[in-house]
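Student: I should like to learn how metal sites and cysteines are read from a model. Could we work through one example together?

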Amino acid sequence: MRIEYRSLHYFDADCDLLAYVIFEDAKPKDASLQRLNRKAGNLPASLLATGEFKAELHKTFLLHRPAGMKARNLLLLGGGPRQEFGLARLRELAGNAARNARRAGCRRVAFLLPQGLPPADCARVAAEGALYGNYEPDAYKTNDKKTREVEEYVLLLEKGGKAEELAAAIGKGCIVGSATNLARNLANDPANILTPTRLAEIAVVEGRQAGLKVEVLEREEMEKLGMNTLLAVSRGSDEPPKLIVLEIPGEKKSQKTPLVALLGKGVTFDSGGISLKPGEKMEEMKADMAGGAAVLGAMIALARLGTKKPVIGLIPAVENLPSGKATKPGDVVKSLLGKTVEIINTDAEGRLILADAIAYARRRGATQLVDVATLTGAVIIALGKVNAGMMGTDQKTLDRLRTNCSITGEKMWQLPLDKEYRKELESEVADIKNVGPRWGGAITAAKFLEEFAEDTPWVHLDIAGMDLDHDERPYAAKGATGFGVRTLVQLLV
Ligand code: BES
Ligand code: ZN
Ligand code: MN
């Protein structure tokens, strides 16, 4: 899809569908609404007056052949309360317009950006949203493609905004939007196709194209290094494990320049291993690499955006299956950091691969850690599918993440990490065991990771529950969400 800014009046936009946002509490006297009414034969005003269209958030009304306009269709798009309007909302509205256009078979869309926010920011998030909404996970449908893609998406403004500035902002939005869709493709891909090997290949090809340095550590190297908690998870599978390392050298101004490591759980399929999961919904565990996909997407976007900050991305990629070679409950392994782990439950595998990845990141000089993982069902019990869980020892970054979500739309809520929780991981035979009791499961999982981050400032995002949507949204197809890409980019750009 081509996205561009054009400086023309929306009356003159030659397109198949023109999206016009109306806020729930818009006054009939609103000057811009009055202009629209005068042009469109007073239809919007009468629809609002009769209540046929209420302008509630994401509600739409499609008018064919609107009077006085070049557009073939006018989409009245409910913006919800004006007071709640912000960049996160605008992104969704732009996505909604793309999805409505797809549904109506409209291939050339124009979207009038509402007034009130900085135009460049608007253009950036609208481009992100347009790409997000236009995405449909139908790669494996051979003929039954329900809707057709939007080909052209034009952003318009009633007033203000400089053309070059807006074009640059759209460019940024496209970078982040396509990186998010890449992450969604990876998480939607079935596990027979997206194996650790395939994930590594994609990281190499896409990463290098974006200007990243990419290395892949193979099993032998990991054995030599002693990454035994990572290797323990992949033992049961015939698919070899990969540790994907992505690098943005950035500008190292002094010895003190921080090196941020982004770590993403890359379990391409999580059957639970010997601690086998029940069959119901097990297919969703093809998305247990969503954290890794978010890290890959974010690193690609950061490289393309030309960030000056040194960053490394680490994606431990494995498949967790039972077999005669698989790790068994009760097994003890020695991690890269040297701490020994009693593996009580082989289904608590994400923390095992991340433990070694964290130790390795620190060995490579990382001074700040951010991990993203579909780590626990417990975080879904705690926060549902609205907020990701965030925990960690780097309170400054946690605070930034909390406020950034008004821009990124990726909500997260902090859970505590009191030292009392550590007692739950006391092992009789090793330094630590990999699971605690059911209660507080998201926290004890994080507590386990903290053991390997030690004194390196660290943030953990538990995105189980946020990685997949079970229903379509007005602005998004169902399936993988790409959650985390925008958050990580916003943090480091
Ligand atoms: N990948 C799962 C967590 C998960 C559950 C993600 C549901 C998305 C949706 C993780 O590896 C896991 O199995 N966690 C266990 C931990 C338990 C054994 C301590 C869980 O949450 O049940
Ligand atoms: Zn898992
Ligand atoms: Mn598991």
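The dialogue below takes up the metal sites and then the cysteines of this predicted model.

Student: Which protein atoms are the donors of the zinc ion (ligand 2)?

Tutor: A metal site is read from the N, O and S atoms that lie within 2.8 Å of the metal. For the zinc ion (ligand 2), the protein donors are Lys-265 through NZ, Asp-270 and Asp-288 through OD, and Glu-349 through OE, at 2.0 to 2.4 Å. Along the chain, these donors follow the spacing K-x4-D-x17-D-x60-E.

Student: Are Lys-265 and Asp-270 buried or exposed?

Tutor: Burial is judged by relative accessible area, and a value under 20% counts as buried. Lys-265 has 1% and is therefore buried; Asp-270, with 3%, is buried too.

Student: What geometry does the site of the zinc ion (ligand 2) have?

Tutor: Geometry is read from the angles among the donor atoms; six donors count as octahedral if opposite donors are over 155 degrees apart and all others between 65 and 115. The zinc ion (ligand 2) has six donor atoms with angles of 78 to 172°, and its site is octahedral.

Student: How is the manganese ion (ligand 3) coordinated?

Tutor: Its donors are Asp-270 (OD), Asp-347 through both O and OD, and Glu-349 (OE), at 2.0 to 2.2 Å. The angles among its six donor atoms run from 71 to 166°, and this site is irregular. The spacing of the manganese donors along the chain is D-x76-D-x1-E. Asp-270 lies in strand β10 (residues 266-270), whereas Asp-347 lies in the loop between β13 (340-343) and α10 (350-363); the pair is 77 residues apart and links distant parts of the chain. Asp-347 is partly exposed, with a relative accessible area of 22%.

Student: Which residue bridges the manganese ion (ligand 3) and the zinc ion (ligand 2)?

Tutor: Asp-270 bridges them, and the two ions lie 3.2 Å apart.

Student: Let us turn to the cysteines. How many disulfides are there?

Tutor: A disulfide requires two cysteine sulfur atoms within 2.5 Å. By this rule the count is zero. Cys-106 is in no disulfide, as the nearest cysteine sulfur, that of Cys-15, is 8.4 Å away.

Student: Why is Cys-405 without a bond?

Tutor: The closest cysteine sulfur, in Cys-122, is 18 Å from that of Cys-405, which is too far for a bond.

Student: Are Cys-106 and Cys-405 buried or exposed?

Tutor: Cys-106 is buried, at 4% relative accessible area. Cys-405 also counts as buried, at 12%.

How values were computed:
Residues are numbered from 1 along each chain as its sequence is written. Chains are lettered from A and ligands numbered from 1 in the order in which they are written. This is a predicted model: local features need pLDDT of at least 70, side-chain atom pairs count only at pLDDT 80 or more; totals for chains, interfaces and linings use all residues. Side-chain values use heavy atoms; hydrogens and water are left out. Buried means under 20% relative accessible area, exposed over 50%, partly exposed in between (1.4 Å probe, protein chains only). Four donors count as tetrahedral if all angles lie between 85 and 135 degrees; four count as square planar and six as octahedral if opposite donors are over 155 degrees apart and all others between 65 and 115; anything else is irregular. Helices (H or I, at least four residues) and strands (E, at least two) are DSSP runs, numbered from the N terminus.
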